[in-house]
Amino acid sequence: MSVAEIMKKKINEELSPEKLVLEDESYMHAGHAGANSQGESHFNLLIVSDKFEGVSRVQRQRMVYDILADELKDRVHALSLRTLTLKEYKSA
């Protein structure tokens, strides 16, 4: 299973998102510090979940970092996050 598939599975299980978009942007960082020649080291992630309702932006990010702790320790060098409720997403 790829790193991206593992990340999606964990997020789906923990946050039951309405929308989940995970983009591997590793190709844009080739040759930079933390870049892995196999890819899957730099990601852009959008999560829309009602579990973020009433939760601060910082706490939302902590929730995601906790869910993906193993991947962030090992393979993932950079993770850009957008964490929104469905209401926030629809009004954006």
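The largest nonpolar core of this predicted model has 16 residues. Six of its members touch the most others: Met-7, Phe-43, Leu-45, Val-64, Leu-68 and Leu-79. Four elements each supply at least two residues of this core. They are helix H1 (3-15), strand S2 (42-48), helix H2 (57-67) and strand S3 (78-84). H1 gives the largest share, 5 residues. In soluble globular proteins, nonpolar side chains tend to be buried together.

Take Leu-45 as a way into the core. Which residues does Leu-45 contact, once neighbours within four places in sequence are set aside? The list begins with Ile-11, then Leu-20, Val-21 and Leu-22. Val-64 and Leu-68 follow. Leu-79, Ser-80, Leu-81 and Arg-82 complete the set. Of these partners, Val-64, Leu-68 and Leu-79 are also among the core residues that touch the most other members.

Now step back to the overall plan. The chain has 4 helices and 3 strands. Along the sequence they follow the pattern α-β-β-α-α-β-α. The chain holds 92 residues, and 36% of them count as buried. Consider the contacts with a separation of 6 or more: 64% of them come from residues 24 or more positions apart. The chain exposes about 5700 Å². Carbon and sulfur atoms supply 46% of that area.

The sheet comes next. Its 3 strands form an open sheet in the order S1-S2-S3, with mixed pairing. Why do S1 and S3 each have one side without a neighbour in the sheet? Strand S1 (19-24) and S3 stand at the edges and each has a single partner strand, so one side of each is left without a neighbour there. From one strand to the next, the twist averages 10 degrees.

S2 and S3 run parallel, joined by 7 bridges. One pairing involves two residues already met in the core: Phe-43 has Leu-79 in S3 as its bridge partner. H2 packs on this sheet and touches both S2 and S3. The direction of H2 makes about 130 degrees with that of S3.

Leu-72 takes us to another helix. Leu-72 lies in H3, which spans residues 69-74. Is Leu-72 buried or partly exposed? Its relative accessibility is 28%, so Leu-72 counts as partly exposed. Leaving out residues up to four places away in sequence, Leu-72 touches Tyr-65 and Leu-79. Another pairing spans a stretch of sequence: Leu-72 and Ser-41 are 31 residues apart along the chain. Their C-alpha atoms are separated by 9.1 Å.

The charged side chains form 5 salt bridges. One of them joins Lys-9 to Glu-13, with the closest N and O atoms 2.6 Å apart. Both residues sit in helix H1. They are 4 residues apart, so about one helical turn separates them. Lys-9 has 42% relative accessibility and therefore counts as partly exposed.

A second salt bridge links Glu-71 with Lys-10, the closest N and O atoms being 2.9 Å apart. This pair links distant parts of the chain. Glu-71 is in helix H3 and Lys-10 is in helix H1, 61 residues apart. Which of these two side chains belongs to a buried residue? Glu-71 does: at 11% relative accessibility, under the 20% limit, Glu-71 counts as buried. Lys-10 has 22% relative accessibility, so Lys-10 counts as partly exposed.

H3 also holds a salt bridge of its own. Lys-73 pairs with Asp-70, and their closest N and O atoms are 3.8 Å apart. Both lie in helix H3, 3 residues apart, or about one turn of the helix. Lys-73 is exposed, because its relative accessible area is 68%. Asp-70 counts as partly exposed, at 48% relative accessibility. Salt bridges with shared partners join Lys-10, Asp-70, Glu-71 and Lys-73 into one network. Lys-10 belongs to helix H1, whereas Asp-70 and Lys-73 belong to helix H3.

Terms used:
Residues numbered from 1 in each chain as written. Predicted model: local features only at pLDDT ≥ 70, side-chain atom pairs only at ≥ 80, totals over all residues. Heavy atoms only, no water. Core = buried A, V, L, I, M, F, W, Y, C linked by side-chain atoms within 4.5 Å. Buried < 20%, exposed > 50% of the residue type's maximum accessible area, 1.4 Å probe, protein only. Contact = heavy atoms within 4.5 Å. Pairing = 2+ DSSP bridges. Axes fitted to C-alpha atoms, helices over the stretch in contact; angles between N-to-C directions. Areas by Shrake-Rupley, 256 points an atom, 1.4 Å probe, with all protein chains shown as cover. Salt bridge = Lys/Arg side-chain N within 4 Å of Asp/Glu carboxyl O.
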